[in-house]
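Visitor: Hi! Could you walk me through this structure?
Guide: Happy to, let's bring it up.

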Amino acid sequence: MSKIEEVKANVEKGKAKIVPGLIQEALDEGNAAEIILQAMIDSMGVVGDRFSAGDIFVPEMLMAAKAMSKGVEVLKPHLVSDNTSSLGTCVIGTVEGDLHDIGKNLVKMMLESAGFKMVDLGVDVSASKFIDAVKENENVTLVACSGLLTTTMTAMRSTIQALKDSGLSGFKVIVGGAPVTAEYAAEIGADGFAPDAGSAAVKAQELVKG
Ligand code: B12
């Protein structure tokens with residue numbers, strides 16, 4: 001089994017203690033951080049499919065998520081670049097009712113390395129918390145909303161509506177997460193959408209630079 005396959009298998013099994021060491025070994029073998037990250041993202045897809053099939057349950061899903069998060073910590077220095085240019089402040093959070101944060105954390109990492117100052121509101125973030133953060137922080141140029149559940153996609157819509165109703169301006173809104181599409185993003189009035197963390201950084205720069 002290749003080191004990458006070992007990483008995949010152990011993320012799927014939720015082996016949070018083993019995964020960081022395996023990732024270091026995979027890096028030492030010369031594997032690119034991006035390839036290792038993609039392997040872990042694929043693992044989460046497998047975990048999701050197993051959950052849908054009723055083969056595993058929430059605790060196993062949580063353990064896999066922990067293993068991935070531990071792995072991302074090792075990869076982080078290899079994925080981010082020191083960008084001193086400032087694109088302003090980005091307020092990021094997972095929308096109300098939703099506790100998934102792995103994707104949001106990856107997007108945060110990539111936006112930070114693209115040159116944004118990040119304000120992370122965490123998970124289960126209400127529309128009013130997003131609004132308060134835009135008011136309380138200087139030079140907010142971007143609001144990024146993540147959502148992984150079809151049931152909480154409506155929270156994304158109401159967050160955007162509330163931001164518009166607040167009368168605040170000077171920022172763009174980008175949305176993403178597994179069930180979100182470009183069509184849905186346009187329908188709910190978001191300024192932008194991206195399917196993954198890498199393209200989120202590109203799209204965010206485009207949106208803010210105009
Ligand atoms: C891990 C996991 C959990 C963990 C989350 C832990 C954590 N800290 O995040 C736990 C165990 C808590 C969990 C709970 C639940 N989960 Co869950 N979970 C997953 C799983 C397996 C992986 C998600 C993940 O991290 N993927 C990896 C990351 C990297 O991918 P990503 O999040 O999609 O992010 C990428 C892009 O989407 C994008 N992106 C993400 N956010 C943003 C934001 C912006 C602005 C942009 C531009 C881009 C962007 O970039 C990211 C990086 O490339 C998925 C399966 C799947 N295939 O997604 C199910 C899944 C999302 N969960 C599901 C369900 C049903 C649940 C529960 C309801 C289960 C239950 N019965 O309790 C609860 C809900 C709890 C809640 N209120 O949120 C379903 C959702 C089904 C649906 N259609 O809504 C899924 C799809 C599993 C399935 N196949 O059934 N879950």
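Guide: We'll talk about the ligand and then the pockets, keeping in mind that this is a predicted model.

Visitor: Okay, where does the ligand sit?
Guide: The ligand is in the largest pocket.

Visitor: And how many residues surround the ligand?
Guide: There are 36 of them, and the closest are S52, L99, H100, D101 and S146.

Visitor: Which polar atoms come up for S52 and S146?
Guide: For S52, a polar side-chain atom is 2.6 Å from a nitrogen atom of the ligand. For S146, an N or O atom of the side chain lies 2.7 Å from a ligand nitrogen atom. There's also A178, where a polar backbone atom is 3.3 Å from an oxygen atom of the ligand.

Visitor: Which helix or strand gives the most to that shell?
Guide: That's α3, with seven residues. By class, the shell has 23 nonpolar, ten polar and three charged residues.

Visitor: Back to the largest pocket: what's its volume?
Guide: About 1,400 Å³. Its lining has 44 residues, and M44, I102, G103, L148 and A178 are the closest to the pocket's centre.

Visitor: Why does the largest pocket lie between the two domains?
Guide: Because domain 1 (3-79) and domain 2 (89-209) both contribute residues to its lining.

Visitor: New topic: what about the second largest pocket?
Guide: The second largest pocket holds about 220 Å³ of space. Its lining takes the most from α5, six residues, and by class has four nonpolar, two polar and five charged residues. Domain 1 and domain 2 both give residues to that lining, so this pocket lies between them too.

Conventions: Residues are numbered from 1 along each chain as its sequence is written. This is a predicted model: local features need pLDDT of at least 70, side-chain atom pairs count only at pLDDT 80 or more; totals for chains, interfaces and linings use all residues. Side-chain values use heavy atoms; hydrogens and water are left out. A residue is near a molecule or strand if one of its heavy atoms lies within 4 Å of it. A polar contact is a pair of N or O atoms within 3.5 Å; within protein, one must be able to donate a hydrogen and the other to accept it, and residues adjacent in sequence count only if both atoms are side-chain atoms. On a 1 Å grid over the protein atoms alone, a cavity is a set of points where a 1.4 Å probe fits but cannot get out, and a pocket is an open set with protein on both sides within 12 Å along at least five of seven lines; lining residues have an atom within 4 Å of a point. A molecule sits in a cavity or pocket if more than half of its atoms lie within 2 Å of its grid points. Helices (H or I, at least four residues) and strands (E, at least two) are DSSP runs, numbered from the N terminus. Ala, Val, Leu, Ile, Met, Phe, Trp, Tyr, Cys and Pro count as nonpolar, Asp, Glu, Lys and Arg as charged, and the others, Gly among them, as polar. Grid points are joined across faces, edges and corners, and a volume is the space filled by probe spheres set on the points. Domain bounds come from an automatic or database domain assignment.
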